[in-house]
Amino acid sequence: MHVLVLGGDGFCGWPTALYLSDRGNDVTIIDNLSRRAIDIELEVESLTPIRPLSERLRVWKETSGRQIEFINLDLATEYDRLVDVLTRLRPDAIVHFAEQRAAPYSMRTPRTKRYTIDNNARSTHNLLAAMVATGTDAALVHLGTMGVYGYGWSGSAPIPEGYLTVKVPTPDGDLEREILHPANPGSVYHLTKTIDQLMFAFYAANDQLRITDLHQGIVWGTQTPQTIRDERLVNRFDYDGDYGTVLNRFLMQAAIGHPLTVHGTGGQTRAFIHIRDTVRCVEIALLNPPAAGSKPMVFNQVTETYRVRDLAKLVSNLTGVPVANLPNPRREDEENDLVVRNDRFLALGLEPTTLSEGLLDECTHVAARYRDRVDLGKIVCRSVWRAGMATAEDLLTELPDESRPVAEPAAAN
């Protein structure tokens, strides 16, 4: 297949592009390098050293013998160029990662809220409109989020894969209908993913586009069999308060002897998946697209669920680093249950990587190896969900004196 990977320079996009290339596909990355620009804006870098994209692509060709092309293009603002690319390349499949992906960043300021809406909604709609305008009959796989469901679906009833069967009372009896699962976004970022769902439903029905939406959990892990071949291919490891996912942040904190920062009670249950499983799930989705005229196919792309406090305890027991509870900067319930259906991926051959299998490797070969690159001032979350909530300074003062960040990274346990 000829596959376009939109956002192919990012945390999920880069290892996906390499994986698909390694599997014999012709891959073209389309990216505007905005994630690198946000690093400059936030004055923070990945814990792992990320080389320029041109160098990454050159090293991949040297190590694999395979060429990945790159087009610098902004999907949100360069619609005409996108049309030209689709007309020229005629891809068989498109993987859409080209959206601002961090909930905290999307809530940081009015500007980042507006940017997240402008970039994500416009990028997705420009892509759909361009596919229709050019007659591009490609299987489209989009990386969504479990966050579209929200975290109010409690109890033992599992969250279905995208759709919910409901009964509608009428004078003639109940009518049974299948609807998109009610959305309950918890941030502007999650809001954009719920908007995506509606656009997909419309274009699948109106224009017979073949769309798969992957409702993904929190991704942990760094390396895949492809990125580990050469250090210059290494994937991102974000640890800052805006882009660092909770488990990667715990691993980084443990590596430098910093208390594991749990916001609130830590009773929030989250879904997780290893980056190796993410790239495999994308391939499975590409190979099993819905038929033209079918509603978008939804996969819950998760392998495990954990409460945040249990996750912290797991890392603490492994490393000996204590846990520190801080005020929660998000507007969310302190406790929630989360039961998720992921039958489709398991039925199609996914063999999940579990935390028990991969956690120690992440601690020793990634977090500890690069701990000297940590900027201690970027550890605490500085984005809050509404005015009057705890600020960064408040969060820092909540740490016990003996648990405050130290001037130099401590030795790894």
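**Asking why of a predicted model**

Modeller: Let's start with Cys281, which is buried, with a relative accessible area of 0%. Keep in mind that this is a predicted model.

Biologist: What makes Cys281 count as buried?

Modeller: Buried means under 20% relative accessible area. Cys281 has 0%, so the label fits. Cys12 has 8%, so Cys12 is buried too.

Biologist: How do you know whether Cys12 is in a disulfide?

Modeller: Two cysteine sulfur atoms have to be within 2.5 Å to count as a disulfide. The search of the whole structure finds 0 of them. For Cys12, the nearest cysteine sulfur is that of Cys281, and it is 11 Å away. Since 11 Å is not within 2.5 Å, Cys12 is in no disulfide. Going the other way, Cys281 has the sulfur of Cys12 as its nearest one, so Cys281 is in no disulfide either.

Biologist: OK, on to rings. How many aromatic pairs turn up in the whole structure?

Modeller: The search finds 4. One of them joins Tyr105 and Tyr243, with ring centres 5.7 Å apart and planes at 45°.

Biologist: Why is that pair called tilted?

Modeller: First, the centres must lie within 6.5 Å, and 5.7 Å passes, so it's a pair. Then look at the angle: under 30 degrees would be stacked and over 60 edge-to-face. At 45° the planes fit neither, so the pair is tilted.

Biologist: What does the Tyr105 and Tyr243 pair tie together?

Modeller: Tyr105 lies in helix α5, residues 103-106, while Tyr243 lies in the loop between β9 and α8. The pair therefore links parts that are 138 residues apart in sequence. Tyr105 is buried, at 1% relative accessibility, and Tyr243 is buried at 3%.

Biologist: What makes you say that Arg35 lies over the face of Tyr243?

Modeller: The distance part of the rule asks for CZ of Arg within 6 Å of the ring centre. Arg35 is at 3.6 Å from the ring centre of Tyr243. There's an angle part too, within 35 degrees of the ring normal. Lys295 likewise lies over the face of Tyr163, at 4.9 Å from the ring centre.

Biologist: Now the sheet. Which strands stand at the edges?

Modeller: The open sheet has 7 strands in the order β3-β2-β1-β4-β5-β8-β12, with parallel pairing. β3 and β12 each have a single partner strand, so one side of each has no neighbour in the sheet. The twist averages 20° from one strand to the next.

Biologist: How do you know that β1 pairs with β4?

Modeller: Pairing takes at least two bridges. There are 4 between β1 and β4, so they pair. In one of the matches, Leu6 has His96 in β4 as its bridge partner.

Biologist: What about Val95, buried or exposed?

Modeller: Buried, because 1% is under 20%. Val95 sits in strand β4 and touches several residues, including Val3, Leu20 and Val282. The C-alpha atoms of Val95 and Val282 are 7.9 Å apart, though the two are 187 residues apart in sequence.

Biologist: What makes the phi of Glu43 stand out?

Modeller: Most residues other than glycine have a negative phi. Glu43 is not a glycine, yet its phi is positive, about 55°.

Biologist: And why is Glu43 called exposed, while Arg90 is called partly exposed?

Modeller: Exposed means over 50%, so Glu43 at 62% qualifies. Arg90 has 42%, which falls between 20% and 50%, so Arg90 is partly exposed.

Note on methods: Residues numbered from 1 in each chain as written. Predicted model: local features only at pLDDT ≥ 70, side-chain atom pairs only at ≥ 80, totals over all residues. Heavy atoms only, no water. Phe/Tyr/Trp six-rings, centres within 6.5 Å; stacked < 30°, edge-to-face > 60°. Helix = DSSP H or I, 4+ residues; strand = E, 2+ residues; numbered from the N terminus. Buried < 20%, exposed > 50% of the residue type's maximum accessible area, 1.4 Å probe, protein only. Contact = heavy atoms within 4.5 Å. Axes fitted to C-alpha atoms, helices over the stretch in contact; angles between N-to-C directions. Lists of a residue's contacts leave out its neighbours within four places in sequence.
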